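Let's take a quick tour of this protein and peek at the empty space inside. Keep the 3D view open as you read.

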Amino acid sequence: MIKNYLKIAWRNLIKNKTHTFINVTGLSVGMAVAMLIGLWIWDELSYNKSFKNHSRIVQVWQHQTFNGTIFSQTSIPIPLGTLLRTDYTGKDKDFKYMVLSSWTFEHILAVGDKKINETGNFMQPEAPDMLTLHMLKGSRSGLKDPSSILLSEKTAKALFGNADPIDKTIKIDNQQLLKVTGVYEDLPPNTTLTDLNIILPWEFYMTTQDWLKRAATQWGNNSFQLFAELNDKADIKTVDGRIRLLKQKNIEAQGDSVGAASKPKIFLHPMDKWRLYSEFKDGINTGGGIQFVWLFGIIGVFVLLLACINFMNLSTARSEKRAKEVGIRKTVGSLRSQLISQFFSESLMVTAFAFVLCIVLVLLILPWFNQVASKTIAILWGNPVFWLIGIGFTLLTGIIAGSYPALYLSSFQPVKVLKGTFRAGRFAAIPRKVLVVLQFTVSVTLIIGTIVVFMQVQHTKNRPVGYNRTGLVQINMKSDDIHKHFAAVRNDLLQSGTIIEMAESNSPLTGVYSNNSGLKWRGKAPDLQDDFATVRLTPEYGKVADWKLVEGRDFSREYVSDSTAMILNESAAKFMGFKHATGEIIDWGTKYKVIGVVKDIIMSSPYEPVKPTIFTLTNGVEGTVSLRLNPKKSTHESLAKIESVFKQYDPGSPFAYKFTDEEYARKFATEERVGKLSGFFTILAIFISCMGLFGMASFMAEQRTKEIGVRKVLGASVFTLWRLMSTDFVVLVTISLMLAIPTAYYFMQGWLQDYKYRTDLSWWIFVSTSVGALVITLLTVSYQSIKAALVNPVKSLKTE
């Protein structure tokens, strides 16, 4: 019986090639979209799951209140880590491990003449045990030696090739020799610690700079990270309550009134939430990446649904063609259950073919998809869960897609069918029309959403940044050799005509690495809390950035007094309440005189308001060198000259540079990625919808062959017949537009509320989308309509 079902199913599929092609292609595309999105969601949900104890690892965060608004941050003072490590960590206590860590820095690693740049953290010795690193060589206890270093597998290979690196020495940042005490397996890409390619001892870190020694006792210096692992019996909420006020109490005891005014509250953020639940608004976790998981998950379901709708529509539309088959089968004794099995076998055969084609499509698309999504996703061939989901997914799709045709076709009465009195009825087409409306409602909603995402990105890109990004190069310095010879390096490059200017600063133009509070100025309200982005720089910085002065003057080496001078951005001047800030005195331990105000510069997120920022001259070594290239010289020649000069004064450091405009463009990566992926899925959704529309138009043209022939004999023109055939579809799409436009407006308006600097939902978005949808509909339907209208009426009437 099953063999018979399959044989008849195969014959029906071969007999109706167009119908089969549309169904198999539509379903395979829909399933491919669902599979790609499923693999992407799997990758997102499995973030950090490679760590054995991921469910018990936490990061210590804090809430701070500024002028009534609660801000959440991962930056933590060292004394908090020391206190938690001493009093709350150990057997029968709350924590198993407590690990202080620096931020992720790029370092120069040198072995003989071989030099590479690699990223990593300074961490306390328990870090490898907490992260359950898989050691390939050496042991996890290697960091107990303050002159040691742990390397990832790829870093060890880059430095030592296939040789054993254990006990070999590496020169770090052209300064200190460290001994390799362990090599660990590379961390997978889907972890928030993916840049942890080297781990250096915390004890060594504390000896590298004088300010770190002072920070060891400063409760107000939030410049570090703190990770921990809870003991098995510890409850995160209970522990949260115990440690919540630790910083508040100790910062008050230390007499730091500014820090105490921020009312710091300590809390634990689980590793399982680092990736998808890392956004906080006014002290409340509002999600984060999980919104994109839901977004793409919904898109995947809807695109697959569109493909299923096509199958159901075309199968029910062709029901009259198979009415006699059903009648004869019932007459010779077929039960309804057998007929249902027959139609389900056809549906499952289609979905089986579609699943095979889906796998092929996914394999072809994955390289491009990974590039756009910034992933390294692969089909999980060896994972039984993947096959279980895939096969179950195919069966479910076949059952859903074939359910309506199977139940509908099997319900025909054999007497009416064989007598020829069976008619589908005046309401038989209503379900098909409803499904077409649903298809285009989803497609149009996706189109509008994709347009809004791209508009938001473009709107923000067009926002004035406050400086000239063109021809700017930034170099992160790992040693102080360039600083020591700053004047000589600058002079050599200026004389060569390679650059217009060169400057040092504590952060690049595309980021802020330092924030400070506790400043005093004339007219400051007693209860006003301040928090300023802080940039330390050399006097040439303004010329390098080509920033725009609103009032006053720039820094200059000609003025000795500029060592205690300060420049504000517009937001800082406004926050301080100054209409004209030049000449005002700012008390920051030392009294600074404001000599100028510059237009706001976007250094952090382009989607947020510019933070009040203060600029002062540096009195020490800074980590970033910025250069403005001479536009009259080729970039290639200029960079070659800069490299040769830098190598002359700093031969131990690899020459690594970044273009400021490229670094700024990275700030839009997430939104652009969402836009590209949404656009890709939208195009496929439209393709599936149009295929269904084409199939329906083909069926209607075939069904109305006699009517079209009669109308032509009576004098109807091709245009009249085209209009007749197209009107029904235009009406359905118009209804879809009436449903899709308010739906898209509601959801996209809500999405835009997450951005303080956002575009408007202009009327032309909806009008252009509507016109485009109608044009696509007419183009899709017109081929079959005109083809039917051009058929010789003698042939069509004779056929009937």
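**A small tour, starting with a cavity**

The second largest cavity is lined by Phe440, Ser443, Val444, Ile447, Ile686, Ser689, Ala773 and Ile776. A cavity here is a set of points on a 1 Å grid over the protein atoms alone where a 1.4 Å probe fits but cannot get out, and lining residues have an atom within 4 Å of a point. Heads up: this is a predicted model, where local features need pLDDT of at least 70, side-chain atom pairs count only at pLDDT 80 or more, and totals for chains, interfaces and linings use all residues. Residues are numbered from 1 along each chain as its sequence is written, and side-chain values use heavy atoms, with hydrogens and water left out.

**More on that cavity**

- Helix 16 (430-461) gives the most to this lining, with 4 residues; helices (H or I, at least four residues) and strands (E, at least two) are DSSP runs, numbered from the N terminus.

**Helix 18**

- Phe486, Val489 and Leu493 are the buried residues of helix 18 (residues 486-495); buried means under 20% relative accessible area, and exposed over 50%, with a 1.4 Å probe and protein chains only.
- Those buried residues fall within an arc of 70° seen down the axis (using directions from the helix axis to the C-beta atoms), so they line one face of helix 18.
- The face turned away from the buried side carries exposed Ala487 and Gln495.
- Just after helix 18, Gly497 has a positive phi of about 75°.

**Gln64**

- Gln64 sits in strand 1 (residues 57-66) and is buried, with a relative accessible area of 6%.

How values were computed
On a 1 Å grid over the protein atoms alone, a cavity is a set of points where a 1.4 Å probe fits but cannot get out, and a pocket is an open set with protein on both sides within 12 Å along at least five of seven lines; lining residues have an atom within 4 Å of a point.
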